[in-house]
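Open the model in your viewer and keep the sequence panel beside it. The stops below tell you what to select and what you will find there.

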Amino acid sequence: LTAGLLAPERGRVRVLGLDPQRVENLVTYLPQQSALFEGSIAENLEMLSGQPLAEVLKLAELTGLAGLLSQLPLGTATPLSARAQNLSAGQRQLILLSAAFASPRPVLLLDEVASQLDRPTRSRLDWAKLARGEYQAAEYMRFAKGGREIWIQASYNPILDRRGRPY
């Protein structure tokens, strides 16, 4: 309803005081199942955020995208296959989230932002701490492309707005 994809059966929904279908240019909506385009990571970041690559990369440390890019030999020039199947679901989500956070639109609507995280990771994350802007680091279980269980050491950094407040 908030994204303006459906009309309410009764009552009304407002975003910034307006009908959701009239604020399309003010809302960045990231659904659970999103796709990247065939092209480079840079092209996807620019197209999805509507910002120059340099602006998106300013947020890369905060979102964790910088860590991913440092592991890829071509960095942002890394080519993506159709629907970016050459990346894991979590890596694709990280690119999408980084583009969404870089968008200049004032409203960010995330549908199931943790949907690509495995159950143990979701349960170990302290969402209240992240909401307060506190950093977390630990070992987390993930699944490799073939379904094999692997453990990684990772950090979850809260995303802060321009005033330094967590989103």
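Start with the whole chain: of the 167 residues in the protein, 37% are buried. Keep in mind throughout that this is a predicted model. Colour the chain by secondary structure, and you should find seven helices and six strands. Read from the N terminus, the elements follow the order β-β-α-α-α-α-β-α-β-α-α-β-β. Switch on the surface next: the protein exposes about 10,500 Å², and 51% of that comes from carbon and sulfur atoms. Among contacts with a separation of 6 or more, 52% join residues 24 or more positions apart.

**Stop 1: helix 5**

Select residues 89-102, which form helix 5. Its 14 residues reach 20 Å from the first C-alpha to the last, close to the 20 Å expected at 1.5 Å a residue. How many of the 14 residues of helix 5 are buried? The count is eleven, so the helix is mostly covered, buried meaning under 20% relative accessible area. The buried residues include R92, Q93 and the run of L94, I95, L96 and L97. To see what covers them, show their surroundings: strand 1 (27-30), helix 1 (41-49), helix 2 (53-58) and strand 4 (107-110) are among the elements there. Helix 3 (60-63) and helix 4 (65-71) also belong to this cover.

**Stop 2: the largest nonpolar core**

Now select L36, I41, L45, L65, L68, L80 and I95. Of the 25 residues in the largest nonpolar core, these touch the most other members. Helix 1, helix 2, helix 4 and helix 5 each supply at least two residues of this core. Helix 5 gives the largest share, eight residues. Then centre on L65 alone. Leaving out residues up to four places away in sequence, L65 touches L45, A60, L94, I95 and S98.

**Stop 3: G39**

Move to strand 2 (residues 39-40), where G39 is found. Is G39 buried or exposed? With a relative accessible area of 18%, G39 is buried, because the cut-off for buried is under 20%. Residues up to four places away in sequence aside, G39 touches N44, T78, P79 and L80. Draw a distance from G39 to A82 as well: these two are 43 residues apart along the chain, and their C-alpha atoms are separated by 8.2 Å.

**Stop 4: the salt bridges**

Side chains of opposite charge can pair when their charged atoms come close. The count in this model comes to two salt bridges. For one of them, select E55 and K58, whose closest N and O atoms are 2.9 Å apart. Where do E55 and K58 sit relative to each other? They are three residues apart in helix 2, and therefore separated by about one helical turn. An α-helix has 3.6 residues a turn, so residues three or four places apart point the same way. E55 is partly exposed, at 34% relative accessible area, whereas K58 counts as exposed at 58%.

D19 also forms a salt bridge, with R14, the closest N and O atoms being 3.9 Å apart. D19 is partly exposed, with a relative accessible area of 28%, and R14 is partly exposed at 38%.

**Stop 5: a patch on the surface**

Finish by selecting L1, L5, L6 and Y29, which form a nonpolar patch on the surface. Together they have about 420 Å² of accessible area. L6 lies in the segment before strand 1. The relative accessible area of L6 is 58%, so L6 is exposed.

Methods
Residues numbered from 1 in each chain as written. Predicted model: local features only at pLDDT ≥ 70, side-chain atom pairs only at ≥ 80, totals over all residues. Heavy atoms only, no water. Helix = DSSP H or I, 4+ residues; strand = E, 2+ residues; numbered from the N terminus. Expected span 1.5 Å × (residues − 1). Buried < 20%, exposed > 50% of the residue type's maximum accessible area, 1.4 Å probe, protein only. Contact = heavy atoms within 4.5 Å. Patch = residues over 30% accessible without salt bridge, like charges linked within 9 Å, V, L, I, M, F, W, Y side chains within 5 Å. Areas by Shrake-Rupley, 256 points an atom, 1.4 Å probe, with all protein chains shown as cover. Salt bridge = Lys/Arg side-chain N within 4 Å of Asp/Glu carboxyl O. Core = buried A, V, L, I, M, F, W, Y, C linked by side-chain atoms within 4.5 Å.
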